[in-house]
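Open the model in your viewer and show side chains as sticks. The tour moves from one charged pair to the next.

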Amino acid sequence: MITTFARDLRDALPQGGVLLGLDTGTKTIGVALCDAGWRFATAGKTIVRRKFTQDKGVLKDLIAERGVVGIVMGLPLNMDGSESPRSQGARAMAKNLEDIGLPILLWDERWTTQAAERAMIEQDFSRAKRAERIDSHAAALILQGAIDAMAGSAF
């Protein structure tokens, strides 16, 4: 199942469980995980992209290791909410991950990278550390937005 509605993911996983957040780019994939009760998301590692089959293998290993039950992927939309070529890339990646057998939520990621950068600057991260970790922090913001929506809204 691939959806853009948080309630669909919530309904597919009535018992909760660990979710994997992804911020996919052309060069890296930022990874985040949340607790099984969907209270907080934590930035994980950043995966340097290679061939898709290798990237998928890394993600499958992480899913097995952490007992992940669902995936939240960032969906890069234009500021007016319309889709862009990057949106189509995210949808294609979700389609290619669908055979893992986990429900996938595509979540609006507008402003997440900027918000992550701002937070990292406030925490006095060096430029080098920000560049190294920005994608995983953006993935955590994407995942946190989705779990907040699943906790109490009709999205």
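Partly exposed means a relative accessible area between the buried limit, under 20%, and the exposed limit, over 50%. Arg-49, at 24% relative accessibility, is therefore partly exposed. Keep in mind that this is a predicted model.

**Stop 1: Arg-49 and Asp-55**

Start from Arg-49 and add Asp-55 to the selection. Their side chains meet in a salt bridge, 3.1 Å from N to O. How accessible is Asp-55, buried or exposed? Asp-55 is buried, at 0% relative accessibility. Arg-49, its partner, counts as partly exposed.

**Stop 2: Asp-35 and Arg-39**

Select Asp-35 next, then Arg-39. The two form a salt bridge, and their closest N and O atoms lie 3.2 Å apart. Turn on the surface and compare the two ends. Asp-35 has a relative accessible area of 12%, so this residue falls under the 20% limit and is buried. Arg-39 is exposed, with a relative accessible area of 57%.

**Stop 3: Lys-95 and Glu-98**

Move on to Lys-95 and Glu-98. What joins their side chains? A salt bridge does, at 3.0 Å from N to O. Lys-95 counts as exposed because its 55% relative accessibility is over the 50% limit. Glu-98 is partly exposed, with a relative accessible area of 26%.

**Before you close the viewer**

How many salt bridges does the structure hold? It holds 7, among them the pairs Asp-55 with Arg-49, Asp-35 with Arg-39, and Glu-98 with Lys-95.

Key: Residues are numbered from 1 along each chain as its sequence is written. This is a predicted model: local features need pLDDT of at least 70, side-chain atom pairs count only at pLDDT 80 or more; totals for chains, interfaces and linings use all residues. Side-chain values use heavy atoms; hydrogens and water are left out. A salt bridge is a side-chain nitrogen of Lys or Arg within 4 Å of a carboxyl oxygen of Asp or Glu. Buried means under 20% relative accessible area, exposed over 50%, partly exposed in between (1.4 Å probe, protein chains only).
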